[in-house]
Structure formats: C-alpha cells, structure tokens
Amino acid sequence: MTAQLTRKDVIAMLGELDDVAVADIIATGATPEELAQAHAWLTNDEALINAGKPLPTGRVGRLVEIVAAKEQEEEETAAR
C-alpha cells in the first residue's frame, strides 16, 4: 500500500499554500513520490524536457496543473 499525502507533506515540499490548494492536492490521491516528481517538474521543467523526459501525466500532471495555477494566481494578485 502506498502512503497518502498529508498536509505536512504538501507544505514541506511546496511551502505555504492556502487550505484549498492543499486540499486539492491531497484530493488527487497522489503519493509523496508523485508530489516529489511534480515538484521536480515545477522547479526544473526545461532540464527535464531537454533530458527527453515525457511531460507528466496522470496524478503527477494534475499536481503540476494545480500548483502552477496557484502560483500564477499569486503572481497576478501581487502585480495588482
């Protein structure tokens, strides 16, 4: 059986996020390993693409979408 993500896992990997974002991430059913993969994509996507890694799909892809959307939302809010 694989470990389920906890709030602590999410905050440790991604930093402080609002409760909705943390709940959305946990609701994907992703494992801590999948969260680590998503974090790698979010911080170093160009290198992974250059290394020939396929774009993330499934739960990892969903995690990337959630966090990227949240980061964009925060950037837009800060720009106002």
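**Figure 1. Helices H1 and H2 are roughly perpendicular to each other in this predicted model.** Their axes lie 10 Å apart and pack at an angle of about 110°. That angle falls in the 65 to 115 degree range, so the pair counts as roughly perpendicular. H1 brings Arg7, Val10, Ile11 and Leu14 to the contact. H2 answers with Asp19, Val22, Ile25 and Ile26. By class, the contact of H1 with H2 holds six nonpolar and two charged residues, and no polar ones.

**Figure 2. Helix H1 has a buried side and an exposed face.** H1 runs over residues 7-14. Val10, Ile11 and Leu14 are its buried residues. They cover an arc of only 95° around the axis, which puts them on the same side of H1. Lys8 and Ala12 are exposed, on the face turned away from that buried side. The buried residues of H1 pack against three helices: H2 (19-27), H3 (32-50) and H4 (58-78). Just after H1 comes glycine 15, with a positive phi of about 85°.

**Figure 3. Ala21, Val22 and Ile25 are buried in helix H2.** Down the axis of H2, these buried residues fall within an arc of 100°, so they line one face of the helix. Asp19, Val20 and Ala27 are exposed on the other side of H2. The cover over the buried residues of H2 includes H1, H3 and H4.

**Figure 4. H2 packs against H4, with axes that come within 9 Å.** The two axes cross at roughly 170°. That makes H2 roughly antiparallel to H4. From H2, the contact takes Ala21, Asp24 and Ile25. From H4, it takes Leu63, Ile66, Val67 and Lys70. The residues of this contact of H2 with H4 divide into five nonpolar and two charged, with no polar residue.

**Figure 5. The largest nonpolar core has 17 residues.** In soluble globular proteins, nonpolar side chains tend to be buried together. Leu5, Val10, Leu14, Leu17, Ile25, Leu35 and Leu63 have the most contacts inside this core. H1, H2, H3 and H4 are the elements that give two or more residues to the core. H4 gives the most, with five residues.

**Figure 6. Leucine 35 has the most contacts inside the core, together with six other residues including Leu5 and Leu63.** Which residues does leucine 35 touch, leaving aside its neighbours within four places in sequence? Leucine 35 is in contact with Leu5, Asp9, Val10, Met13, Leu14, Ile25 and Leu63. Among these partners, Val10 and Leu14 are buried residues of H1. Ile25 is one of the buried residues of H2. Leu63 of H4 also takes part in the contact of H2 with H4.

**Figure 7. Threonine 28 sits in the loop between H2 and H3.** Is threonine 28 buried or exposed? Its relative accessibility is 19%, so threonine 28 counts as buried. The cut-off for buried is under 20%. Leaving aside neighbours within four places in sequence, threonine 28 is in contact with Arg59, Arg62, Leu63 and Ile66. Of these partners, Leu63 and Ile66 also belong to the H4 side of the contact with H2. Leu63 is in contact with leucine 35 as well.

Terms used
Residues numbered from 1 in each chain as written. Predicted model: local features only at pLDDT ≥ 70, side-chain atom pairs only at ≥ 80, totals over all residues. Heavy atoms only, no water. Buried < 20%, exposed > 50% of the residue type's maximum accessible area, 1.4 Å probe, protein only. Helix = DSSP H or I, 4+ residues; strand = E, 2+ residues; numbered from the N terminus. Arc of directions from axis to C-beta. Contact = heavy atoms within 4.5 Å. Core = buried A, V, L, I, M, F, W, Y, C linked by side-chain atoms within 4.5 Å. Axes fitted to C-alpha atoms, helices over the stretch in contact; angles between N-to-C directions. Parallel < 35°, antiparallel > 145°, perpendicular 65-115°, else oblique. Nonpolar A, V, L, I, M, F, W, Y, C, P; charged D, E, K, R; others polar.
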